[in-house]
Amino acid sequence: LLVLCVSGMRAETARYSVPEEMERGSFVAHIAKDLGLIREELLARQARVVPNGEKQYLQLNQHTGDLVVTEQMDREELCGQSEPCLVRFEVLLESPLQSFRAEVRLTDINDHAPVFLNKEIILKMPESAVPGTRFLLESAHDPDVGNNSLQHYNISSNEYFLVYTRRRSDGRKYAELVLDRALDREQQAEVTFSITAVDGGNPPRFGTALIRVVVLDINDNIPVFTQTLYKVSVMENSSEDTIVVVVSASDLDEGTNGEIVYSIVQNSEENLQTFKINPETGQILLKKPLDYEEKKSYEIDVQATDGGGLSTHCNVEVQVKDVNDNAPEVIITSLTSTLSEAVPPDTVVALFNVRDRDSGDNGRTTCELTGEQPFRITVLAADAYALVTSETLDREQVAEYNVTVRARDEGSPALSASKTLLVRLLDVNDNAPTFSQAIYTMVMSENEPAGRSLGRLSATDPDAGENARVRYSLVPPPTGTLAAASFVSVDAESGTVRTLRPLDYEKVPAFEVTVDADAGQNAWLSYELAKATEPGLFRVGLHSGEVRTARAVTERDAARQRLIVLVRDRGRPPRSATATVAVALVDDFSDAFHQFGHDPAGGQQPQVAEEEMLTTYLIASLCCVSSLFPLSVLVLTANALCRARVRAELPPPSPNCYADGDFGSDGVGVGSTGTLSPPYRYEMCLTSGSGRSEFQFLRPILP
């Protein structure tokens with residue numbers, strides 16, 4: 001049985017930092033120490049790491065308390081260009097339930113070199129270009145971030161050009177080629193040199209490309225854009241071929257020198273996969289749908305080139321607008337699928353988180369339960385919840401529940417998601433058995449032999465399993481009333497009522513007995529030896545009730561042994577009863593049979609008859625003493641002399657077998673508040689020197 005209870009959840013987050021691509025098994029942190037936990041507690045409470053995503057990158061060693069890497073983490077694969085790159089998880093402990101939030105920041109390592117998409121870059125420049133003219137170059141791509149990303153550009157030595165490294169608004173670097181000396185096509189029609197992109201790693205990585213500058217004949221006007229910067233917004237659910245913006249440039253030249261062609265400068269492969277441009281009209285269109293959750297903005301470089309080879313460029317900033325296109329997710333972090341029907345209200349059944357990838361109102365969520373059920377939701381943190389019981393449960397009314405948790409966002413239109421949890425209730429023994437009828441009337445003929453079946457009782461219990469197993473027993477009658485319980489017995493398992501002895505109609509025309517039907521642990525019996533003349537000589541079977549010798553019988557043991565056996569059930573409160581067993585120790589069993597040859601029913605005569613018989617004996621004794629006193633003195637004297645002579649001839653004394661008269665009038669006593677069946681008496685004897693477990697029942701005497 002598992003009952004899940006929340007003892008607390010920390011709101012603060014433990015933060016760690018490790019380089020990306022660490023080997024499996026690498027040490028991250030001693031998280032047990034940071035959370036104030038001891039190693040033994042981690043193992044006992046089944047501490048474990050619950051990732052935020054689908055993949056398990058980290059693992060908690062329950063023996064050492066160390067957080068280690070289980071899967072290599074590539075920062076570029078997980079986060080792309082986003083910073084910081086965080087791997088979030090929770091440390092979950094049970095008994096009681098605790099949850100600690102933590103995150104590991106992946107720091108970038110210089111595992112990528114800058115790369116130019118084109119290994120050869122061709123530029124066409126008019127010979128009339130004046131020194132100081134700037135030309136935009138294709139940017140190199142480096143997926144690393146921070147100092148490990150692209151930092152600056154260099155060009156090889158040449159007579160005409162310099163290179164400057166510029167920084168965009170998003171932090172990326174690009175190169176501008178600056179004419180340092182006037183070109184002369186007649187002297188040199190083409191200038192060739194290399195450009196190198198260098199990152200800031202240690203050691204630095206670099207990538208190179210070849211630049212070929214083709215010197216054109218004079219074209220004295222370059223195209224001019226109407227705007228140097230275009231800012232537009234696009235909904236993320238826009239379809240393919242949606243027009244994003246139209247750029248426009250003009251050229252004062254005529255003819256082919258005034259014809260403008262538009263193109264997108266290859267500053268990133270992602271831009272080329274997402275956008276396209278009409279070379280004649282300047283329309284920028286979508287190649288594929290956008291996703292706000294993947295990328296929130298784009299920066300595009302557009303180039304306008306006239307027929308004479310002159311070109312200029314402008315910048316287009318595209319902001320992606322979020323739409324409510326992601327439904328909330330209900331993530332179950334812990335679930336108790338079986339629950340005792342006896343758990344109190346506010347018992348935790350499950351822990352879960354709700355996540356929505358949208359932003360703003362589209363990403364704000366609420367949680368609720370569908371239908372009327374004895375459960376409610378408790379908020380633990382901004383996106384963490386607990387499903388708890390709201391009232392007491394009853395398995396006999398409802399054995400299991402399908403609890404549906406529904407999460408809804410605040411977008412327009414609102415999106416929702418549901419998750420159904422199956423909770424089964426475990427039975428406890430909270431119902432007493434019920435008889436099919438309150439009074440059973442049974443008929444028997446007088447003088448019928450013992451053992452005849454009079455009928456069968458029937459009781460049921462709405463509990464399940466062992467808790468529904470019913471046992472029957474007779475309730476002892478009040479003291480001083482007719483011992484009707486000695487007339488019949490009831491089978492503990494089947495409820496069959498049988499006679500114990502023949503009855504006389506003239507003496508007992510009718511009688512009543514009460515049966516209390518127990519079920520479950522109320523009917524589980526255990527026996528113990530409550531009191532004994534010599535406690536170490538006998539023992540009682542815990543569940544069988546068998547009385548056995550615990551050691552060999554010796555001549556030092558008392559000849560008469562008195563045992564009190566206690567039996568109790570496991571009900572609440574427990575009920576019990578006792579029985580007294582008289583034991584005689586003898587030399588051999590022949591003496592025992594001789595001495596036990598009396599009428600077994602003699603000990604069961606009414607007490608009044610015994611008192612009358614005793615009075616008669618007293619009167620006769622007084623008469624004899626009065627009339628025959630002298631003779632009695634002589635007889636006693638002779639008897640004493642004879643006994644002394646006999647003792648001198650007999651071997652050493654040994655224990656005797658005692659007749660029924662040596663013990664109480666009853667061999668067995670039953671407590672007035674117990675639940676035992678009608679009393680029984682056992683007559684038994686043991687020889688001196690008997691071994692362990694050599695206890696023999698001669699015969700049971702039914703009342």
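In what order do the four strands of the open sheet stand, and is their pairing parallel or antiparallel? Keep that question in mind while you open this predicted model, and begin the tour with the sheet itself.

**First stop: an open sheet**

Select strands E26, E28, E31 and E30, and you will find that they form an open sheet in exactly the order E26-E28-E31-E30, with antiparallel pairing. The edge strands are E26, which covers residues 329-335, and E30, which covers residues 375-379, and each of these pairs on one side only. If you turn the view, keep in mind that neighbouring strands of this sheet are turned against each other by 30 degrees on average, with direction ignored.

Now select E30 together with strand E31, residues 384-389, which pair in the antiparallel sense over five bridges. Within this pair, show Arg376 and look across to E31, where Val388 stands opposite.

**Second stop: a strand with two partners**

Move next to strand E15, residues 190-199. Seven of the ten residues of E15 are buried, so this strand is largely enclosed by the rest of the structure. One partner to select is strand E12, residues 150-155, which pairs with E15 in the antiparallel sense over five bridges; here Leu150 stands opposite Asp199 in E15. Another partner is E16, and the pairing of E15 with E16 is again antiparallel, this time over nine bridges. To see one of the bridges, show Ala197 and its bridge partner Gly207 in E16.

Follow the chain from E15 to E16, and you will pass through a hairpin whose connection has six residues. In the loop between these strands, select Pro203, and then look at the peptide bond that joins Asn202 and Pro203, which is cis with an omega of about 0 degrees.

**Third stop: unusual backbone angles**

Most residues other than glycine have a negative phi, and most peptide bonds are trans. With that in mind, go to Ser95 and Pro96, which are joined by a cis peptide bond with an omega of about -5 degrees. Pro96 lies in the loop between strand E6, residues 86-93, and strand E7, residues 97-107.

For positive phi values, select Gln46, where phi is near 55 degrees although the residue is not a glycine. Gln46 sits in the loop between helix H2 (39-44) and strand E3 (48-51). Is Gln46 buried, partly exposed or exposed? Gln46 has a relative accessible area of 41% and therefore counts as partly exposed, since that class lies between the limits of 20% and 50%.

Then select Asp241, which is not a glycine either and has a positive phi of about 75 degrees. Asp241 is found in the loop between strand E18 (229-235) and strand E19 (243-246), and its relative accessibility of 40% makes Asp241 partly exposed.

**Fourth stop: aromatic rings**

Show the aromatic side chains, among which the count comes to eight aromatic pairs. One of them is formed by Phe225 and Tyr262, a tilted pair at 6.3 Å centre to centre, with 50 degrees between the planes. This pair links distant parts of the chain, with Phe225 in strand E17 and Tyr262 in strand E21, 37 residues apart. Both Phe225 and Tyr262 are buried.

Another pair to select is Phe375 and Tyr401, which is edge-to-face, at 5.3 Å centre to centre and with 85 degrees between the planes. Here too distant parts of the chain are linked, because Phe375 is in strand E30 and Tyr401 is in strand E32, 26 residues apart. Phe375 counts as buried because its relative accessibility is 6%, and Tyr401 is buried as well, with a relative accessible area of 10%.

Select also Phe435, Tyr440 and Tyr472, which form one aromatic cluster. For charges over rings, show Arg134, which lies over the face of Tyr164 at 5.5 Å from the ring centre, and Arg168, which lies over the face of Tyr174 at 4.3 Å from the ring centre.

**Last stop: confidence**

Finally, colour the chain by pLDDT, whose mean is 81, with 84% of the residues reaching 70 or more. Select residues 594-609, where pLDDT is below 50 and where the model has 22 contacts beyond near neighbours in sequence. Residues 688-703 also stay under 50, and for them the model has 55 contacts beyond four places in sequence.

Definitions and conventions:
Residues numbered from 1 in each chain as written. Predicted model: local features only at pLDDT ≥ 70, side-chain atom pairs only at ≥ 80, totals over all residues. Heavy atoms only, no water. Helix = DSSP H or I, 4+ residues; strand = E, 2+ residues; numbered from the N terminus. Buried < 20%, exposed > 50% of the residue type's maximum accessible area, 1.4 Å probe, protein only. Pairing = 2+ DSSP bridges. Axes fitted to C-alpha atoms, helices over the stretch in contact; angles between N-to-C directions. Phe/Tyr/Trp six-rings, centres within 6.5 Å; stacked < 30°, edge-to-face > 60°. Lys NZ or Arg CZ within 6 Å of the ring centre and 35° of its normal. pLDDT = per-residue confidence, 0-100. Contact = heavy atoms within 4.5 Å.
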